[in-house]
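Trainee: I would like a close look at a single part of this protein, with enough of the surroundings to place it. Could you walk me through the second largest pocket, and then through a few residues elsewhere that deserve attention?

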Amino acid sequence: STDCELRGLCDWDATVGTCKRTCRFQYGTSNQTGCVADSRCMWDVNNNICTSKCELAASADDCVAQVMCEMTAQNQCKLKCDYFDNNTCETDSRCDWSLLLDKPKDANGNYTMACRKKCGLAYTTVAACNNNPNCMWNESSRACERIKCTDPTPGSFSMSVRSSAHGDSWQFGSASETARACARVRRLRWA
């Protein structure tokens, strides 16, 4: 395996015990289908090129050198929540599927949704937490929490804010009412 990795265009695939071309060299910028089918590889949507999966980074430096990857509190290299879709987001305990209150609305006037890192993992200070319109600081637990604004079924909008100290929940009849309520709740500070 050491001889393999000394070759600049090769990686050791421990799952099959074989020296293989790196994902970048094997699939490049033209074979996205082959790239995502290879268990060692992922498609880098920022650079439109095949690259090694985050989990295969050799070191913390190699991990953070990949824009799509981050080191976790458990010292593991993982794909950032921002790159999960709505089907895979909630399967990772670090991530939440959220309305993007800090982004422009779409052509229909609706907020878009995307996967984001949980507020409590992303922010550890009041100022940083409250600077993200999707999060708010919970004074009781001394932690950053997500403002949960969801659309559970088409045409039925709801918003809930939960904390260890409060179990508050509100129901609203439209997306615009929900968004306005979320903006108001964001400014609340629990005692």
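Mentor: Happily! The accessible surface of the protein comes to about 11200 Å², and carbon and sulfur atoms hold 48% of that area. Please keep in mind that this is a predicted model. Of its 191 residues, 34% count as buried. The chain forms 7 helices and 13 strands. Among contacts with a separation of 6 or more, 27% join residues that are 24 or more positions apart.

Now to the part you asked about. Rolling a probe the size of a water molecule over the atoms shows where empty space is left. The second largest pocket has a volume of about 190 Å³. Its lining is made up of 15 residues, and those nearest the centre are Arg116, Lys117, Tyr123, Asn132 and Asn134. Three elements each give two or more residues to this lining: strand β7 (95-99), strand β8 (113-117) and helix α5 (119-122). Sorted by class, the lining of the second largest pocket holds 7 charged, 5 nonpolar and 3 polar residues.

Helix α5 is a good place to pause, with Leu121 as one of its residues. Leu121 is partly exposed, because its relative accessible area is 46%, in between the 20% limit for buried and the 50% limit for exposed. The C-alpha atom of Leu121 lies 8.8 Å from that of Ala73, although 48 residues separate the two in sequence.

Let us move to another part of the chain, where two threonines make a nice pair. Thr22 sits in the loop that runs from β2 (18-21) to α2 (23-27), while Thr51 belongs to strand β4. They are 29 residues apart along the chain, with 7.8 Å between their C-alpha atoms. Thr22 has a relative accessible area of 14%, so it counts as buried. Thr51 is buried too, because its value is 9% and the limit is under 20%.

Each of the two side chains has a partner to look at. That of Thr22 reaches the backbone nitrogen of Phe25 at 3.1 Å. The side chain of Thr51 makes a polar contact with the side chain of Gln66, at 3.4 Å. Gln66 also appears among the residues in contact with Thr51 once neighbours within four places in sequence are left aside; the others are Cys23, Arg24, Cys35, Arg40, Cys41, Met42 and Asp44.

Finally, have a look at the backbone in two other loops. Most residues other than glycine have a negative phi, and most peptide bonds are trans. Asn48 has a positive phi, near 50°, and is not a glycine. Asn48 is found in the loop between β3 (41-44) and β4 (49-52); that second strand is the one that holds Thr51. With a relative accessibility of 44%, Asn48 counts as partly exposed. Arg142 is not a glycine either, and its phi is positive at about 55°. Its place is the loop between β9 (135-138) and β10 (143-146). Arg142 counts as exposed, because its relative accessibility is 52% and the limit is over 50%.

To come back to your pocket, start with Arg116, Lys117, Tyr123, Asn132 and Asn134 around its centre, then follow the lining out to β7, β8 and α5.

Conventions: Residues are numbered from 1 along each chain as its sequence is written. This is a predicted model: local features need pLDDT of at least 70, side-chain atom pairs count only at pLDDT 80 or more; totals for chains, interfaces and linings use all residues. Side-chain values use heavy atoms; hydrogens and water are left out. On a 1 Å grid over the protein atoms alone, a cavity is a set of points where a 1.4 Å probe fits but cannot get out, and a pocket is an open set with protein on both sides within 12 Å along at least five of seven lines; lining residues have an atom within 4 Å of a point. Grid points are joined across faces, edges and corners, and a volume is the space filled by probe spheres set on the points. Helices (H or I, at least four residues) and strands (E, at least two) are DSSP runs, numbered from the N terminus. Ala, Val, Leu, Ile, Met, Phe, Trp, Tyr, Cys and Pro count as nonpolar, Asp, Glu, Lys and Arg as charged, and the others, Gly among them, as polar. Buried means under 20% relative accessible area, exposed over 50%, partly exposed in between (1.4 Å probe, protein chains only). Contact means heavy atoms within 4.5 Å. Accessible areas come from the Shrake-Rupley method with a 1.4 Å probe; for residues, only the protein chains shown count as cover. A polar contact is a pair of N or O atoms within 3.5 Å; within protein, one must be able to donate a hydrogen and the other to accept it, and residues adjacent in sequence count only if both atoms are side-chain atoms.
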